[in-house]
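Dear colleague,

I am handing over the structure below, and I would be glad if you could look through it with the notes that follow at your side.

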Amino acid sequence: MLVNTLPLLREALAWCKERKDLDLDTETTGLEWYKADRPFSIIIGNEDKQFYIDLSSFEAHDFRRIQVDLFDDESRTWGLMNAKFDLHMLEKEGFELKGKIIDVWFLERLQNNRHQSYAMKNMAP
């Protein structure tokens, strides 16, 4: 579900707040988090429902609600694919993800290190 208005952001946050296990991904302008590349969206959800939060649709003060309602909850578990990258990108927008963070990419590499590549399409059964 595209989230590009404050009412839709409130709806997305309300749904997410009821769940303790969520997945998160960022869409970015590039791969160089240590340079000028930035996130332009955050995708949050689970296997049942996903929210595509278009960051360009919101003012910086709207981001505070995401931080307080979701990211500050230390009892939440987050699933990320390449967490190091996404955490750096979130930090560029002033976000700090709290709680338990599970890096699926890293776990797959530890569990099954025979892949030539660890891109998602190569890890799928």
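In this model, which is predicted, a good place to begin is the aromatic cluster that is formed by Phe63, Phe71, Trp78 and Phe95. A search of the whole structure finds 4 aromatic pairs, and one of them brings together Phe63 and Phe95, whose ring centres are 5.4 Å apart and whose planes stand at 50°, so that this pair is classed as tilted. Phe63 belongs to helix H2 (residues 60-71), whereas Phe95 sits in the loop between helix H3 (83-92) and strand E6 (100-103), so the pair ties together parts that are 32 residues apart in sequence. Phe63 is buried, with a relative accessible area of 10%, and Phe95 is likewise buried, at 5%. A further pair in the cluster is that of Phe71 and Trp78, with ring centres 5.5 Å apart and planes at 75°, so this one is edge-to-face. Phe71 is buried with a relative accessible area of 0%, and the value for Trp78, also buried, is 0%.

Another aromatic residue, Trp15, has Arg19 lying over its face, at 3.8 Å from the ring centre.

The strands deserve a look next. Strand E3 (residues 39-45) has 6 of its 7 residues buried, and it is therefore largely enclosed by the rest of the structure. On one hand, E3 pairs with strand E2 (residues 21-28) in the antiparallel sense over 6 bridges, and within this pairing Asp25 has Ile43 of E3 as its bridge partner. On the other hand, E3 pairs with strand E4 (residues 50-54), again in the antiparallel sense, over 5 bridges, with Phe51 of E4 as the bridge partner of Ile44. The connection from E3 to E4 is a hairpin through 4 residues.

Ile44 and Phe51 lead on to Cys16, a residue of helix H1 (residues 6-17), since both are in the list of its contacts: leaving aside neighbours within four places in sequence, Cys16 touches Leu22, Ile44, Phe51, Leu70 and Arg76. What is the relative accessible area of Cys16, and is this residue buried or exposed? The area is 2%, and because buried means under 20%, Cys16 counts as buried. The C-alpha atoms of Cys16 and Lys49 are separated by 9.6 Å, although these residues are 33 residues apart along the chain.

With best regards

Terms used: Residues are numbered from 1 along each chain as its sequence is written. This is a predicted model: local features need pLDDT of at least 70, side-chain atom pairs count only at pLDDT 80 or more; totals for chains, interfaces and linings use all residues. Side-chain values use heavy atoms; hydrogens and water are left out. Helices (H or I, at least four residues) and strands (E, at least two) are DSSP runs, numbered from the N terminus. Buried means under 20% relative accessible area, exposed over 50%, partly exposed in between (1.4 Å probe, protein chains only). Contact means heavy atoms within 4.5 Å. Rings of Phe, Tyr and Trp (its six-membered ring) pair if their centres lie within 6.5 Å; planes under 30 degrees apart count as stacked, over 60 as edge-to-face and the rest as tilted. A charge sits over a ring if NZ of Lys or CZ of Arg is within 6 Å of the ring centre and within 35 degrees of the ring normal. Two strands pair if DSSP finds at least two bridges between them.
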